[in-house]
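Hi,

Here is the structure I promised to pass on. Have a look at it first, and my notes on what turned up follow underneath.

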Amino acid sequence: MIHVLVNNWQVFLSGFFNTVLCSILALFFSLVIGSGFAIMETFQNKFLSGFARAYIELFRNIPLLVITMFFYVVFPQYFFTISGFAAGTIGLTLYTSSFIAETVRAGIQSIDIGQMEGARSNGLTYWQAMKNIILPQAFVLVIPPLGNQFVNLIKNSSVLAFVAGFDLMYQGDSLASQTFDTINTYLVVGVLYLIITLPLSYYMKHLENKLS
Amino acid sequence: MAKLLKKTLGLLVLMMAVFTLTSCGQSSQTNVYQNSKEAKKIVWGVKSDTKLFGLVNIKNGKTEGFDIDIAKAITKKMFGKDAKAEFVATTAKTKVPLLKNNSIDAVAATMTITPERKKILDFTKPYFGAGQSILVKKGSSIKGINDLNKKGTQVMAVKGTTAVDNIHKYAPKAKVLELDDYAQAFSALKSGQGIAMTTDNGILFGIAKENPNYQVVGGAFTNEPYGLAVDKGQTEMRDHMNKALDEIKADGTYTKLVKKWFGSIPGFDLKEAEE
């Protein structure tokens, strides 16, 4: 197993780098987009909350691979070509953002209504109350499920392998099929994924303990 | 934070130990020929996405193609008329692992005989004279392999095929995008992810036949005959398959099958195909 890693470390390193890059991009954007839709879903305005609902249900219920393939193969036939890496990252962002939206919405709705009423009666605007009172409490509550989503996101980034996104899984696939050393190659790939996901899991646990 | 790091490291070491242990286990080898003879059945790994060689017919769910017919003919020659050929869909990526873990007995799936593959598999004599070629959109400026050897050129190929290595060799400046199967690679070509798709000529002609906007250009630039493969060490199986291959060539079955699948393909040289 070690020899596979030693002989091909450049290949694994470039795959590792792309996986990390894709994960960071997707994590950031899905958190922003997801939180946005979560807040939108709690609006009184039926049209806006309905729109958020539709977005979440759409991307939550389509397989990630289908979303990614759409951006890789279908989208370019009508608009412009996007690379496999970009298509994968977009797919991953949209897919994960719908799950994050659901998680954050649950957090927001679990905050007692009195918090918002109290903030408003003290003269804060809706947005000030949301930003300073509701969201900080909501995020503390949803850290454990959010951590799950982040770990899932990193694992799901292996979808890039199907659209030539040059991530860890792609490089592993490519190497395994050239060297035929399937078992050892995928073991190295598995361990490299663990190197990303394990610290993240522990960090989220750590954060959970610190904030509770 | 230090505690966190230590915990993570400890877990990783444990995982590695477990993985290394599991990867040591090797199954003992069985005699595929004797087993197949008793069962009167050969389980073949074939293509399911490759026009002309192995493609699932959507209407009846059966796999059809040149590889399939060759496999059926060889099975019947080896174990008699009532012997059964069973087919398992494989991809370039999965056929070697499936052979190794005994899920399939033999492979008839557009598999080029290469020195690297010979180290881990046993091949029969060639049964199809393939060579790598290029598929482009009609009107493309690409006329052959040399036109691909430019920086920034992206070429589609399928993971685990010899086409990937050949492009690195014949057009080292081109970037290869490896996709999972021919359907995906061709979809990527249609979406403009690259300017050409490359693999064996027989497969490309099959795609071009269905998609008249695309054509095969430049002729074959490699000579890579296909062989039937068994796991390394299954020499008894291999020898009997070779004998059966000779027999179907002698009695005209082989030529009939070549004509059946490739006779009507424009631009395809039948003599090139016959081995």
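**What I found**

Of the 212 residues in chain A, 41% are buried. Before you read on, please keep in mind that this is a predicted model.

**Chain A**

Chain A has ten helices and zero strands, so you can read its element order from the N terminus simply as α-α-α-α-α-α-α-α-α-α. Its C-alpha trace spans about 70 × 45 × 20 Å along the principal axes. If you take the contacts in chain A between residues at least 6 apart in sequence, 76% of them join residues at least 24 apart.

**Chain B and its two domains**

Chain B mixes eleven helices with 13 strands. Its C-alpha trace covers about 70 × 55 × 35 Å along the principal axes, and 46% of its 275 residues count as buried. For contacts in chain B between residues at least 6 apart in sequence, the share joining residues at least 24 apart is 70%.

The domain assignment splits chain B into domain 1 (36-130 + 225-273) and domain 2 (132-217). The centres of these two domains of chain B, taken over C-alpha atoms, are 24 Å apart. Where they meet, 16 residues of domain 1 are in contact with 19 residues of domain 2. The domain 1 side of that meeting place divides into seven nonpolar, six polar and three charged residues.

**Where the chains touch**

How many residues of chain B are in contact with chain A? There are 27, and they meet 24 residues of chain A. On the chain B side, helix 1 (2-24), helix 4 (95-100), strand 10 (175-179) and helix 7 (182-190) each supply at least two residues. Helix 1 of chain B gives the largest share, with ten residues. By type, the chain B side comes out as 13 nonpolar, eight polar and six charged residues.

**The core**

The largest nonpolar core has 130 residues, and those with the most contacts inside it are Trp44(B), Ala106(B), Val107(B), Leu135(B) and Ala185(B). Chain A takes part as well: helix 5 (residues 84-110) of chain A provides the largest share of this core, eleven residues. Domain 1 and domain 2 of chain B both give residues to the core, so it lies between them.

If you want one residue to click on, try Val107(B). Leaving aside its neighbours within four places in sequence, Val107(B) is in contact with Trp44(B), Gly45(B), Lys95(B), Leu99(B), Leu228(B) and Ala229(B).

**Helix 9 of chain B**

I also went through helix 9 (residues 235-250) of chain B. At 1.5 Å a residue, its 16 residues should span 22 Å, and the end C-alpha atoms are 22 Å apart, which agrees.

Which residues of helix 9 of chain B are buried? They are Met237(B), Arg238(B), Met241(B), Ala244(B), Leu245(B) and Ile248(B). These cover an arc of only 125° around the axis, so they sit on the same side of helix 9 of chain B. The face turned away from that buried side carries the exposed residues Thr235(B) and Ala250(B).

The buried residues of helix 9 pack against several other elements of chain B, including helix 2 (32-39), helix 3 (66-79), strand 7 (121-128) and helix 10 (253-262). After helix 9 of chain B comes Gly252(B), which has a positive phi, near 90°.

Cheers

How values were computed: Residues numbered from 1 in each chain as written. Chains lettered and ligands numbered in written order. Predicted model: local features only at pLDDT ≥ 70, side-chain atom pairs only at ≥ 80, totals over all residues. Contact = placed C-beta atoms within 7 Å. Helix = DSSP H or I, 4+ residues; strand = E, 2+ residues; numbered from the N terminus. Nonpolar A, V, L, I, M, F, W, Y, C, P; charged D, E, K, R; others polar. Core = buried A, V, L, I, M, F, W, Y, C linked by C-beta atoms within 7 Å. Buried ≥ 20, exposed ≤ 12 C-beta atoms within 10 Å, placed from the backbone. Domains from an automatic or database assignment. Expected span 1.5 Å × (residues − 1). Arc of directions from axis to C-beta.
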